[in-house]
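Here are a few exercises to work through with the model open beside you. Try each task before reading its solution.

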Amino acid sequence: MFKDPESYKHTKRRKRLEKYGLEIKKIIREVKKVRAKRVLLQLPDGLKPRAKELTDTLRNRAGVEVLLWGGACFGACDTPPNTGKIRADLLVHFGHSRWNQ
């Protein structure tokens, strides 16, 4: 089915990430919309084991440099301090719960 081993790896990675409901397609659309070159990800501790998969997916599919915030994340109001020094074009903050609009 897959002629290219990389395609198989990307498909497998995507399926693993989809179960978390991370809205990867929405992030990629936003990256393109704002023409971001550098994206900062803030993940709760429960998602940090999947950080490599997530960063690889965004690098490959959106063509951006991805930075990870290594500090703690205690909720939606806990955004990283001093992000201006990092010079990220976009901050993507993942929380533990679904955001109700």
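## Exercise 1: A charged trio

Arg59 has a relative accessible area of 37%, and is therefore partly exposed. Keep in mind that this is a predicted model.

**Task.** Find the salt-bridge network that Arg59 belongs to, and describe its members.

**Solution.**

Step 1. Begin at Arg59: its side chain meets that of Asp56 in a salt bridge, with 3.7 Å from N to O.

Step 2. Look at the spacing. Asp56 and Arg59 are three residues apart in helix α3, so about one helical turn separates them.

Step 3. Judge the burial of Asp56. Its relative accessibility is 15%, and the cut-off for buried is under 20%, so Asp56 counts as buried.

Step 4. Join the pieces: Lys52, Asp56 and Arg59 form one network through salt bridges that share partners. Between Asp56 and Lys52, the side chains also make a polar contact of 2.7 Å.

## Exercise 2: Two further pairs

**Task.** Which residues form salt bridges with Lys48 and with Glu53, and is each residue buried, partly exposed or exposed?

**Solution.**

Step 1. The structure holds six salt bridges in total. Lys48 pairs with Asp45, and their closest N and O atoms are 3.2 Å apart.

Step 2. Apply the accessibility classes to this pair. Lys48 is partly exposed because its relative accessibility is 25%, while Asp45, at 54%, counts as exposed.

Step 3. Turn to Glu53, whose partner is Arg50; here the closest N and O atoms lie 2.6 Å apart.

Step 4. Classify this pair too. Glu53 has 11% relative accessibility and so counts as buried, whereas Arg50 is partly exposed at 25%.

## Exercise 3: Into the nonpolar core

**Task.** Which elements give two or more residues to the largest nonpolar core, and what does Leu58 touch?

**Solution.**

Step 1. Start with the core itself: the largest one has 19 residues. Those with the most contacts inside it are Val31, Val39, Leu41, Leu54, Leu58, Val92 and Phe94.

Step 2. Next, map the core onto the secondary structure. Two or more residues come from each of α2 (24-34), β1 (38-42), α3 (51-62) and β3 (90-93).

Step 3. Now follow Leu58. Leaving out residues up to four places away in sequence, Leu58 touches Ile24, Ile27, Ile28, Leu41, Gly63, Val64 and Val66.

Step 4. Finally, link back to the first exercise: helix α3, which holds Asp56, is also one of the elements that give two or more residues to this core.

Methods. Residues are numbered from 1 along each chain as its sequence is written. This is a predicted model: local features need pLDDT of at least 70, side-chain atom pairs count only at pLDDT 80 or more; totals for chains, interfaces and linings use all residues. Side-chain values use heavy atoms; hydrogens and water are left out. A nonpolar core is a set of buried Ala, Val, Leu, Ile, Met, Phe, Trp, Tyr and Cys residues joined through side-chain atoms within 4.5 Å. Buried means under 20% relative accessible area, exposed over 50%, partly exposed in between (1.4 Å probe, protein chains only). Helices (H or I, at least four residues) and strands (E, at least two) are DSSP runs, numbered from the N terminus. Contact means heavy atoms within 4.5 Å. A salt bridge is a side-chain nitrogen of Lys or Arg within 4 Å of a carboxyl oxygen of Asp or Glu. A polar contact is a pair of N or O atoms within 3.5 Å; within protein, one must be able to donate a hydrogen and the other to accept it, and residues adjacent in sequence count only if both atoms are side-chain atoms.
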